Amino acid sequence: MSNNWAEIVDGTWPAARYQRLGPFLLREGRGGGSRVSAASALGPANEDDIDAAEAAMLSMGQKRIFCLPPGDEALDAMLAQRGYDILDPVNIYVCPISRLIDQPIPPVMVFSIWEPLEIMREIWASGGIGPERIAVMERAKGPKTGFLLRHNDKPSGVAFVAMHADTAMVHALEVLPEHRRQGLGHWTMRAAAFWARDHGAQNLSVICTKANEGANGLYRALGMEIAGEYHYRHLV
């Protein structure tokens with residue numbers, strides 16, 4: 001992940017606290033998941049640096065986890081030697097806003113709402129996105145919104161969108177199982193592009209695990225391109 005993409009991710013899905021320790025940037029996630037809990041290298045690290053980062057993460061009550069973009073191969077190898085397993089390789093997709101605002105959103109399908117309604121919290125919770133991740137959304141300081149999706153006159157999904165600099169990033173897109181394969185993801189991304197345009201963004205981005213074939217196919221079909229990638233290594 002380039003410094004620019006790291007800043008966009010941290011700006012739109014922020015940790016509760018950041019700490020510089022030697023060559024590492026540590027994140028305190030407070031239960032908000034891997035992305036807000038992982039340490040990132042800002043420069044070359046040695047074994048003593050890793051020891052110190054591990055101790056600091058454990059003192060936060062977190063598992064030992066590092067975020068590794070291309071260019072961190074030396075650290076990746078050191079962590080592998082220590083028994084760290086690879087976790088959740090992801091793609092970062094991006095496209096210009098203009099690519100996704102050529103079609104109007106069907107009426108009464110996507111509603112922009114912030115603070116989240118109770119039904120939105122319930123849908124997120126059904127997908128494993130609980131209060132700790134809602135707290136991540138609440139920490140985002142730039143323009144942001146939640147989306148409530150409707151299908152067949154029923155609440156059917158949710159998403160979170162936040163901006164950093166000229167890029168809006170979609171997070172926590174969750175569609176209820178009985179409403180999947182109905183185009184809701186497609187229209188959510190287009191609705192996010194309209195929202196982003198209205199708030200001055202130039203680009204729309206989203207992060208997707210490489211294992212999620214359906215989501216990767218959706219983003220490619222929308223004309224989004226891979227702009228970065230990273231994976232985690234964690235020790236349980």
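Counting Ala, Val, Leu, Ile, Met, Phe, Trp, Tyr, Cys and Pro as nonpolar, Asp, Glu, Lys and Arg as charged, and the others, Gly among them, as polar, the lining of the largest pocket comprises 16 nonpolar, 14 polar and six charged residues. The structure described here is a predicted model, and the pocket in question has a volume of about 1,200 Å³. Its lining is made up of 36 residues, of which A172, L173, E174, I207 and N212 lie nearest the centre of the pocket. Several elements contribute to this lining, with β5 (85-96), β9 (167-175), α6 (184-198), β10 (203-209), α7 (213-221) and β11 (225-235) each supplying at least two residues. The largest share, six residues, comes from β9.

Two of the elements that line the pocket, β5 and α7, are also linked by an aromatic pair, one of six such pairs in the model. The ring centres of Y93 and Y219 are 5.5 Å apart and the ring planes stand at 50 degrees; as planes under 30 degrees apart count as stacked and those over 60 as edge-to-face, the pair is therefore classed as tilted. The pair joins distant parts of the chain, since Y93 belongs to strand β5 and Y219 to helix α7, with their positions 126 residues apart in sequence. Both partners are buried, Y93 with a relative accessible area of 0% and Y219 with a relative accessibility of 6%.

A further aromatic pair, formed by W114 and F160, is likewise tilted, with 5.5 Å from centre to centre and 50 degrees between the planes. Here too distant parts of the chain are linked, W114 being placed in the loop between β6 and α4 (118-126) and F160 in strand β8 (residues 154-164), 46 residues apart. In this pair the partners fall into separate accessibility classes: W114, at 27% relative accessibility, counts as partly exposed, whereas F160, with a relative accessible area of 0%, is buried. Ring pairs extend this arrangement to W13, so that W13, W114 and F160 form a cluster.

The loop between β5 and β6 (110-113) contains M109, which at 13% relative accessibility counts as buried because it falls under the 20% limit. Leaving aside neighbours within four places in sequence, the contacts of M109 are with L148, L149, R150, L184 and W187. The C-alpha atom of M109 is separated by 9.1 Å from that of N152, although the two residues are 43 residues apart along the chain.

Helix α3 (residues 73-81) presents a buried side and an exposed one. The residues L75, D76, M78 and L79 of this helix are buried, and, seen down the axis of α3, the buried residues fall within an arc of 165 degrees, so that they line one face of the helix. An α-helix has 3.6 residues a turn, and residues three or four places apart therefore point the same way. On the face of α3 turned away from the buried side are the exposed residues A74 and Q81. The cover over the buried residues of α3 includes β2 (24-28), β3 (39-41), α2 (47-59), β4 (64-68) and β11, the last of which also supplies at least two residues of the pocket lining. After α3 comes G83, whose phi is positive, near 95 degrees.

Notes
Residues numbered from 1 in each chain as written. Predicted model: local features only at pLDDT ≥ 70, side-chain atom pairs only at ≥ 80, totals over all residues. Heavy atoms only, no water. 1 Å grid on protein atoms, 1.4 Å probe; cavity = no way out; pocket = protein on both sides within 12 Å on 5 of 7 lines; lining within 4 Å. Points joined across faces, edges and corners; volume = space filled by probe spheres on them. Helix = DSSP H or I, 4+ residues; strand = E, 2+ residues; numbered from the N terminus. Buried < 20%, exposed > 50% of the residue type's maximum accessible area, 1.4 Å probe, protein only. Contact = heavy atoms within 4.5 Å. Arc of directions from axis to C-beta. Phe/Tyr/Trp six-rings, centres within 6.5 Å; stacked < 30°, edge-to-face > 60°.
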